[in-house]
Amino acid sequence: MSIRISTNQVLDAGIDSMNNSLIDATAWQQKINTGKNYSKASDSIYAVSRGVELDFDASRLQMFKSNQDIVTSMHNNAQTQMDSILNQFTTLKQLFVQSQNTALSPSNYGALKIQAQSIRDTIVSQMAAKDASGHAIFPNVISQVQIEPNVMVDSGVQFNLAFGIGGSSSDPQSSTLYGSIDSFVSYLDARSQGADAISGEATSISDNLNASYEQLMNGQQTSGAISSQLDVSKSVTIALGTQIKAASSDILDTDMAAATAAYTRAQTLLNAAQAMFAK
């Protein structure tokens with residue numbers, strides 16, 4: 001039994017073979033030229049779900065970086081203000097020590113009062129300070145912000161954390177810290193007008209000043225710990241970014257050795273098909 005193959009069948013088979021080889025060779029040539037195995041994740045069955053996950057990871061990574069920048073700025077502003085207030089508080093405590101000199105005259109107390117009052121007013125303005133965007137540097141309410149996967153930190157330094165109970169960024173005079181300074185100013189004012197020392201009053205003022213100083217120090221240390229955490233988180237997000245880029249490269253980038261071999265194979269088949277068709 002013999003099988004007859006028409007000239008048209010041979011011709012069609014030859015054309016199909018050349019077309020398929022040409023398409024294959026062109027596709028591999030495109031991958032070699034662009035360096036991209038796929039133009040988008042959905043071009044690969046494996047990459048469909050993984051590609052969507054990578055896009056999600058990349059967007060979350062950008063969110064983490066934005067959160068880190070915002071929180072870093074807020075804590076830097078707060079720490080700058082707290083550093084200045086602590087320095088002025090140190091001067092204030094030195095004034096208190098001077099005020100306990102029994103040889104001071106009323107005019108001496110008056111001079112100390114002016115200095116303490118100036119420090120008090122400067123500190124009040126810093127307690128109510130705002131950043132460049134018009135937001136309070138020491139807000140009354142803070143939120144938790146995610147700076148890396150499963151890590152949340154305070155968005156800033158809460159007013160009461162730094163300055164004790166009572167008061168707010170819009171009403172710093174009602175805070176514990178202001179009260180401790182103001183009581184010292186009132187003490188100096190009374191002594192400048194000839195009032196006699198009251199037993200235990202100086203001790204109470206000293207204790208209140210020290211407590212407010214410690215409160216502010218605790219606030220600064222808490223903020224500093226968050227700043228350290230932010231530094232660690234920035235390193236973590238950089239590492240995550242590198243991992244995401246590597247995973248994306250595995251999916252989308254061309255394996256040049258494999259692509260070159262496949263292109264050579266397709267080109268060889270195309271040449272063979274063309275030679276066979278010519279005969």
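This report walks through the salt bridges found in this predicted model.

## Overview

Let's start with the general idea: side chains of opposite charge can pair when their charged atoms come close. In this structure the count comes to 3 salt bridges. They are taken in turn below, beginning with a pair that joins two helices.

## Asp 189 and Lys 113

Asp 189 and Lys 113 form a salt bridge through their side chains, with an N to O distance of 3.1 Å. This contact links distant parts of the chain: Lys 113 sits in helix H3 (residues 106–127), Asp 189 belongs to helix H5 (residues 176–192), and the two are 76 residues apart.

How accessible is Asp 189? Its relative accessibility is 25%, and because buried means under 20% and exposed over 50%, Asp 189 counts as partly exposed.

## The network at Arg 120

Arg 120, Asp 121 and Asp 182 are linked in a network of salt bridges. Arg 120 pairs with Asp 121, their closest N and O atoms lying 3.1 Å apart. Arg 120 also pairs with Asp 182, where the closest N and O atoms are 2.6 Å apart. Asp 182 lies in helix H5 and Arg 120 in helix H3, so this bridge ties together parts that are 62 residues apart in sequence.

Which members of the network are buried, and which are partly exposed? Arg 120 has a relative accessibility of 10%, so Arg 120 counts as buried. Asp 121, with a relative accessible area of 42%, is partly exposed. Asp 182 is likewise partly exposed, at 24% relative accessibility.

Definitions and conventions. Residues are numbered from 1 along each chain as its sequence is written. This is a predicted model: local features need pLDDT of at least 70, side-chain atom pairs count only at pLDDT 80 or more; totals for chains, interfaces and linings use all residues. Side-chain values use heavy atoms; hydrogens and water are left out. A salt bridge is a side-chain nitrogen of Lys or Arg within 4 Å of a carboxyl oxygen of Asp or Glu. Helices (H or I, at least four residues) and strands (E, at least two) are DSSP runs, numbered from the N terminus. Buried means under 20% relative accessible area, exposed over 50%, partly exposed in between (1.4 Å probe, protein chains only).
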